[in-house]
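Got your viewer open? Let's take a walk through this one together, one selection at a time.

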Amino acid sequence: MAVAKVTEIISSSSKSFADAAEKGIERADKTLKNVRGAWIAGQKVEVEKGKITEYRVTMRVTFVLRD
């Protein structure tokens with residue numbers, strides 16, 4: 001039987017939401033072992049002078065605990 005845990009992380013990118021998600025997963029995988037998936041719980045942009053300057057995603061990352 002496998003037991004999983006979910007942790008919430010926030011990641012950002014100046015390019016896109018997809019890039020922010022990829023960066024977040026890459027970083028989470030360095031610390032968390034057995035990452036199996038993620039759910040994008042929210043998206044947000046930062047705006048300066050009418051232009052998007054940063055894309056942010058809030059993710060719930062699932063990883064399997066080792067025995």
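A quick word on names before the first click: helices and strands here are DSSP runs, at least four residues for a helix and at least two for a strand, numbered from the N terminus. With that in hand you can find Asn 34, which sits in the loop between H1 and E2. Keep in mind along the way that this is a predicted model.

**Stop 1: the whole chain**

Start with a cartoon view of everything. You should see 1 helix and 3 strands, and if you trace them from the N terminus on, the order is β-α-β-β. The radius of gyration is 14 Å, well over the 11 Å that the globule rule gives for 67 residues, so the chain is more spread out than a compact globule. Turn the C-alpha trace along its principal axes and its span comes to about 50 × 20 × 15 Å. Of the 67 residues, 21% count as buried. Among contacts with a separation of 6 or more, 63% come from residues 24 or more positions apart.

**Stop 2: the sheet**

Now select the strands. In what order do they lie in the sheet? The order is E1-E3-E2, in an open sheet of 3 strands with antiparallel pairing. Strand E1 (3-13) and strand E2 (35-48) stand at the edges with a single partner strand each, so one side of each has no neighbour in the sheet. Look at how the strands are turned against each other: for neighbours in this sheet the average is 15 degrees, direction ignored.

Zoom in on E1 and E3, with E3 covering residues 51-65. How many bridges join these two strands? There are 11, and the strands run antiparallel. For landmarks, pick Val 3, which stands opposite Leu 65 in E3, and then Ser 12, which faces Arg 56 in E3.

Swing over to E2 and E3, an antiparallel pair joined by 12 bridges. Select Trp 39 and you'll find Arg 60 of E3 opposite. Then try Val 47, whose bridge partner in E3 is Ile 52.

**Stop 3: the turn**

Follow E2 into E3 and you reach a hairpin with 2 residues between the strands. Click on Lys 49, found in the loop between E2 and E3. Is Lys 49 buried or exposed? At 86% relative accessibility, Lys 49 counts as exposed. Check its backbone too: Lys 49 has a positive phi of about 50 degrees although it is not a glycine. That's worth a pause, because most residues other than glycine have a negative phi.

Go back to Asn 34, in the loop between H1 and E2, for another such case. Asn 34 has a positive phi of about 65 degrees, and it is not a glycine either. With 24% relative accessibility, Asn 34 counts as partly exposed.

**Stop 4: the core**

Next, show side chains for Ala 20, Ala 21, Ala 28, Leu 32, Val 35, Val 57, Met 59, Val 61 and Phe 63; these 9 residues make up the largest nonpolar core. Helix H1 (17-31) and E3 each supply at least two of its residues. Which element gives the most to this core? That would be E3, with 4 residues.

Stay with Ala 20 for a moment and light up what surrounds it. Leaving aside neighbours within four places in sequence, Ala 20 is in contact with Ser 11, Ser 12, Ser 13, Tyr 55 and Val 57.

**Stop 5: two rings**

Tyr 55 leads to the last stop. A search of the whole structure finds 1 aromatic pair: Phe 17 and Tyr 55, arranged edge-to-face, 5.1 Å centre to centre with 80 degrees between the planes. The pair links distant parts of the chain, with Phe 17 in helix H1 and Tyr 55 in strand E3, 38 residues apart.

Color these two by accessibility. Tyr 55 has 18% relative accessibility and counts as buried, since buried means under 20%. Phe 17, at 25%, counts as partly exposed.

Methods. Residues are numbered from 1 along each chain as its sequence is written. This is a predicted model: local features need pLDDT of at least 70, side-chain atom pairs count only at pLDDT 80 or more; totals for chains, interfaces and linings use all residues. Side-chain values use heavy atoms; hydrogens and water are left out. Two strands pair if DSSP finds at least two bridges between them. Axes are lines fitted to C-alpha atoms, for helices over the stretch in contact, and angles run from 0 to 180 degrees between N-to-C directions. A nonpolar core is a set of buried Ala, Val, Leu, Ile, Met, Phe, Trp, Tyr and Cys residues joined through side-chain atoms within 4.5 Å. Buried means under 20% relative accessible area, exposed over 50%, partly exposed in between (1.4 Å probe, protein chains only). Contact means heavy atoms within 4.5 Å. Rings of Phe, Tyr and Trp (its six-membered ring) pair if their centres lie within 6.5 Å; planes under 30 degrees apart count as stacked, over 60 as edge-to-face and the rest as tilted. The radius of gyration is taken over C-alpha atoms; the globule rule is 2.2 Å times the number of residues to the power 0.38.
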